[in-house]
Amino acid sequence: MASKPVLQVSNVLKTFGGLKALNKLNLSIEEGTVHAIIGPNGAGKSTLLNVCIGQLTPDTGSVEFDGKNITGKAPHEISQLGISRVFQTPQIFEELSILQNVMIPALAHLDGQFTFNAIKDLNHRRDVQDEAMRIIEEMNLIDQLDDRAGAMSRGNKRRLELAMCLVQKPKLLLLDEPTAGMARADTNQTIEILQKIKASGMTKVIIEHDMNVVFSLADRVSVLAQGTIIAEGTPQEMRESEIVKEAYLGGAKI
Amino acid sequence: MSLFSAVVLSMPIWMIPFGAAYPDILQKFVIFGVFAIGYNILFGLTGYLSFGHAAFLGVGSYTAVWSFKLLSMNIIPAIILSVVISGIFAVAMGYIALRRSGIYFSILTLAFAQMCYNLAYSVLTPITNGETGLQLAKSDPRIIDRLFSEAGEGLPSTTLFGIETSGYSGFYISAVIMIIVFYFSLRIFNSSFGLKLKAIKSNQNRMRYLGFNTKPYLLTAFVISGMYAGLAGGLLAATDPLAGAERMQWTASGEVILMTILGGVGTLFGPLLGVIIIKYFENIFSAVSQVDLHSFYAFLPAWLENSLVAISSMFVGEGWHLTLGLLFMFVVAFLPGGLLEGVEITFKKLLSYFQKSTSKPTKEVDTGANHGE
C-alpha cells in the first residue's frame with residue numbers, strides 16, 4: 001500500500017515535568033489501513049492519541065492530518081476536520097437517551113461546530129433522525145433506543161460511543177482500547193463490528209492490549225516504548241520480531 | 001399549550017381558595033415566572049449556576065423606568081429596551097464569566113452582580129437615584145408622548161396604548177407575555193439547540209471532541225436567560241414604575257435559584273411551580289397572624305387550640321422563612337428533581353393504585369391533591 005499518509009506525526013515531543021511521554025515520535029498512518037499501536041503501560045499510547053485530537057499540544061514537532069497542519073488546533077476544529085475518537089472509558093452523555101446520544105454527533109456532522117436553531121423541533125429533523133437510526137441499528141442498540149445511556153452495561157456503552165463516532169463519518173477513527181474490560185462475548189461482537197467497518201475503508205488507529213484483536217484486525221502494527229516507535233511492520237512480522245518481544249512481551253511466547 | 005394558557009389566565013379564579021386572587025400577587029407570580037423560566041434555560045439546560053441574574057432584573061427595571069421618563073409611558077418601548085439593554089449586559093458578563101465553569105463561574109457572576117448593585121448605590125447615583133430608587137417625575141421629558149399630547153396634571157401612569165398596566169389588566173398583560181416566553185422556552189427545550197445544551201451539561205468534553213464549539217452555545221443560553229431576566233425586570237417596572245437597587249442584590253439571585261430548584265431544575269413547569277410556592281409563602285404565609293390561627297383552630301378545645309397556635313405560629317407570619325427552609329431541605333434531600341418530580345411520582349403511584357383496585361379511590365385522591373399543591 002503506497003497511498004499517501006492521512007495522518008503524519010513528525011518529531012513530536014511532549015514532556016510532563018521531567019518525563020518524556022513522547023520522545024521525538026514519528027508516525028505515519030496510511031489511508032484506508034487499520035493501524036494498531038501496541039506497547040507496554042506508560043509507553044505514551046494515550047498521550048499520542050491526545051496529541052492527535054487536540055487535547056494536548058506537543059512541545060515541539062507537528063501533526064498533519066489530510067495535508068493540513070493541526071498542531072495546536074482546538075479539539076472541536078480537529079473533530080470537524082474528520083478525526084473521531086473512542087475513549088478508554090466511554091465518554092457518552094449518561095443522562096440522555098441512546099437516540100439523543102447519537103443524534104448529537106449527527107448534528108455536529110450535518111450542522112457544523114455552531115448553529116443556533118432554537119425554534120425548529122428536533123423531531124422534524126428527519127435527516128438527523130435517519131442518520132442516527134441507521135447507525136444504531138448497525139450497532140444492535142435499536143431495542144434500547146429510549147433508554148438512559150448511563151444505565152447500560154459497559155459493553156453497550158462502548159458500542160454506543162462507537163456509534164457516536166461512526167455517525168460523523170470520520171476520515172480517521174481513533175480507538176483507545178475498544179475492548180478493554182469487556183466480556184469475551186462482547187469482545188467478539190466488537191471485533192465483528194470493527195471488521196464490518198474495516199470493509200468500508202475508513203482509516204483507523206487502534207490502541208489495544210488484546211493481541212487477538214490486534215491480529216484479527218490490523219494491517220500494520222507499530223510498537224511504542226518509552227515515547228518512541230521501536231518497530232513497525234505487519235502483524236506477522238511483529239509477532240516474530242525479537243525487539244518487540246524484548247520490549248513489550250518480556251520475552252514470553254505468544 | 002392551550003391548556004397551560006387557560007390555567008395561567010384563569011389564575012384570578014382558581015387562586016381564590018388560596019387567598020391569592022388579588023392582582024398584586026398574581027402579577028408577581030407571572031413576572032417572576034418569566035424570570036424563573038429564563039433562569040431555567042441557563043441552569044436547567046446547561047447546569048451553569050449563575051448567582052448574578054438579579055443584575056439583569058435590575059438593569060431591566062432601570063431601563064424601563066428611564067424609558068418611561070424619557071420616551072413614553074407606553075410599556076412597549078420600555079419592555080423592548082429593557083430586553084435589549086439587559087441582553088447587552090449579559091453578553092459582557094457572560095463573555096467574562098464563561099471563561100470558567102463550575103464554582104468559579106458562579107463566583108464570577110456573583111461578583112459581577114454585586115458590583116452592579118454597589119455601583120447602583122454609589123457612583124451611578126445620577127442614573128439610578130441611589131437609595132431612594134428611580135422614580136417618575138412630572139418634569140420628565142417623555143419625548144414620544146409629548147409628540148401626541150400635552151403633559152397632563154399629576155403623574156401619568158404606565159399604559160399599553162391607553163390600557164392601564166396596574167391591577168388586573170397588568171396581570172393579564174404580564175400573563176400573556178409570560179405565556180409567549182414560555183412557549184419560546186418550550187421550543188428551545190425541544191430544539192437541536194436545547195439538546196446540545198443538555199449534552200453540554202452532561203459531558204462538555206465529549207461535546208468538544210464531537211466537534212462542537214461549546215463557548216458560543218453557553219454564551220447564547222446565558223444571553224437568552226439574561227434577556228428573560230431583563231424582561232421580568234421591565235415588567236416589574238411596567239406594573240409599578242419604580243426601580244431600586246435592592247432588586248440587584250444577591251439575595252434576589254438566590255431567590256430565583258431557590259424557585260428553580262424547589263420546583264424542579266430542567267423541567268418546563270418546575271420553575272413556575274417554584275415561583276408560585278415561594279411568592280405565595282412570601283406574601284400570604286407571612287401575613288398570617290395569631291388571630292388567624294386562633295380562628296383556624298377554633299373548633300378544637302381551648303387547651304389544644306392554644307398549644308397548636310403556639311406551635312403553628314413559629315411557621316407562619318414572621319416565621320415563613322422557617323417553613324420555606326424546611327420545605328427546601330425536604331425537597332433537596334428527598335426529591336432532587338424538585339416538587340414536580342414529587343407530583344410525578346405521586347401520579348404514577350396513583351395510576352398503578354387505580355389499575356390494581358378501583359374500590360376505594362377517594363382517600364388517595366386527597367393525598368394526591370395535597371402533593372400537587
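## A helix over a sheet, and two chains in contact

Helix α5 (residues 154-166) of chain A lies across two strands of that chain, β6 and β7, and runs at about 180° to β6(A). Keep in mind as you look around that this is a predicted model. Let's start from those two strands, follow the sheet they belong to, and then turn to where chain B touches chain A.

**Strands β6 and β7 under the lens**
- β6(A) and β7(A), the latter made of residues 172-176, run parallel and are joined by four bridges.
- To find one residue pair for yourself, look for V86(A), whose bridge partner in β7(A) is L175(A).

**The whole sheet in chain A**
- Six strands of chain A form an open sheet with mixed pairing, and their order is β6-β7-β8-β3-β9-β10.
- Why do β6 and β10 of chain A each have one side left without a neighbour in the sheet? β6 (83-86) and β10 (228-233) stand at the edges, and each has a single partner strand, so one side of each stays without a neighbour there.
- On average, neighbouring strands of this sheet are turned by 20° against each other, with direction ignored.

**Where chain B touches chain A**
- The contact between the chains involves 24 residues of chain B and 29 residues of chain A.
- On the chain B side, the elements giving two or more residues are α9 (167-190), α10 (192-202), α11 (204-209) and α12 (214-239).
- Which of the elements gives the largest share of this side? That is α10(B), with eight residues.
- By character, the chain B residues on this side divide into nine nonpolar, 10 polar and five charged.

Terms used: Residues are numbered from 1 along each chain as its sequence is written. Chains are lettered from A and ligands numbered from 1 in the order in which they are written. This is a predicted model: local features need pLDDT of at least 70, side-chain atom pairs count only at pLDDT 80 or more; totals for chains, interfaces and linings use all residues. Two strands pair if DSSP finds at least two bridges between them. Axes are lines fitted to C-alpha atoms, for helices over the stretch in contact, and angles run from 0 to 180 degrees between N-to-C directions. Two residues are in contact if their C-beta atoms, placed from the backbone, lie within 7 Å. Ala, Val, Leu, Ile, Met, Phe, Trp, Tyr, Cys and Pro count as nonpolar, Asp, Glu, Lys and Arg as charged, and the others, Gly among them, as polar.
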